[in-house]
Amino acid sequence: MSRAIKVAPSLLAADYGRLTEEVQAITAAGADYLHLDVMDGHFVPNISFGADIIKALRPASDITFDVHLMISPVDAYIEGFVEAGAAIISAHVEAGPHLDRTLQLIRSFGVKAGVALNPSTPISSLECVLDRIDLVCLMSVNPGFGGQKFIPNTVNKVRRLRELLGDRPVEIEIDGGVTKETAGALIEAGADVLVAGTAVFRQPDYADAIEAIRNA
Ligand code: DX5
Ligand code: ZN
């Protein structure tokens, strides 16, 4: 497979007492994106961190900040994440009734627009916004927590999404339960970006962990 696979370690699994060092270490280890999971305790049953933390980490590295918003409502907070240094901002299909507006708003700030789908949300929910997106984040666990078990049906979703996207320049990102064991089938089905929290930040050698996923 000659396609370049990107690995996006999720800061959710990092050591919160040493966030700056963790961002520097993951950059040095060859991560492609840093995945930042923002949770509000409302859209998902957990609270993580917000734009101020992300902004404080921005000077630590020039890595692409890939911000995954598990929040509802979304629109009022987007500008803050742009100012914090996000390069990609993903909002959930399920987060509100006006996805098209949210995507236009994200792109209006000159950053990439992503859409995230919960495991139970069908691919068809993207049909009307295909030309407004730069990335689709398919959740392969129910969002809210790191370290959950991969939902195998995601592999079929990747395959169908690849067909639906055609030749549009849209990245397919998979988020949740990605390990060197689950990554191979996802890559084969057409995934471009693999998010991994536990499988990178909870390993002794970050560079080895990233390579093991990329080459799965
Ligand atoms: C889940 C988050 C994921 C999570 C992945 O709500 O969106 O990004 O951190 O963690 P692992 O890789 O441990 O499943
Ligand atoms: Zn995520």
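**Exercises on a zinc site, two helices and a pocket**

In this predicted model, the zinc ion (ligand 2) is coordinated at 2.0 to 2.2 Å by H35 (NE2), D37 (OD), H68 (ND1) and D175 (OD), where donors are N, O and S atoms within 2.8 Å of the metal (3.2 Å for Na, K and Ca) and water is not among the atoms, so sites may look incomplete. Residues are numbered from 1 along each chain as its sequence is written, and chains are lettered from A and ligands numbered from 1 in the order in which they are written. Local features need pLDDT of at least 70, side-chain atom pairs count only at pLDDT 80 or more, and totals for chains, interfaces and linings use all residues, while side-chain values use heavy atoms, without hydrogens and water.

**Exercise 1.** Find how the donor residues of the zinc ion (ligand 2) are spaced in sequence.

*Solution.* Step one is to read the spacing, which is H-x1-D-x30-H-x106-D. Step two is to place D37 in strand β2 and D175 in strand β7 (residues 171–175), a pair 138 residues apart that links distant parts of the chain; strands are DSSP runs of E with at least two residues, helices runs of H or I with at least four, numbered from the N terminus. Step three is to note that D37 and D175 are both buried, that is, under 20% relative accessible area, with exposed meaning over 50% and partly exposed in between (1.4 Å probe, protein chains only).

**Exercise 2.** Explain why the buried residues of α1 lie on the same side of the helix.

*Solution.* First, list the buried residues of α1 (residues 19–28), namely L19, E22, V23 and I26. Next, consider their arc, taken from the directions from the helix axis to the C-beta atoms: the residues cover only 100° around the axis, which puts them on the same side of α1. Finally, look at what covers them, which includes β1 (6–9), β2 (33–39), α2 (51–57), α7 (198–201) and α8 (206–214), with contact meaning heavy atoms within 4.5 Å.

**Exercise 3.** Describe which residues of α3 are buried and which exposed residues its opposite face carries.

*Solution.* Begin with helix α3 (residues 75–84), in which I78, F81, V82 and A84 are buried. Their arc around the axis is only 155°, which puts them on the same side of α3. Then turn to the face away from this buried side, where A76 and E83 are exposed. To finish, observe the packing partners of the buried residues, which are β2, α2, β3, β4 (88–92) and α4 (99–108), and note that G85, just after α3, takes a positive phi of about 110°.
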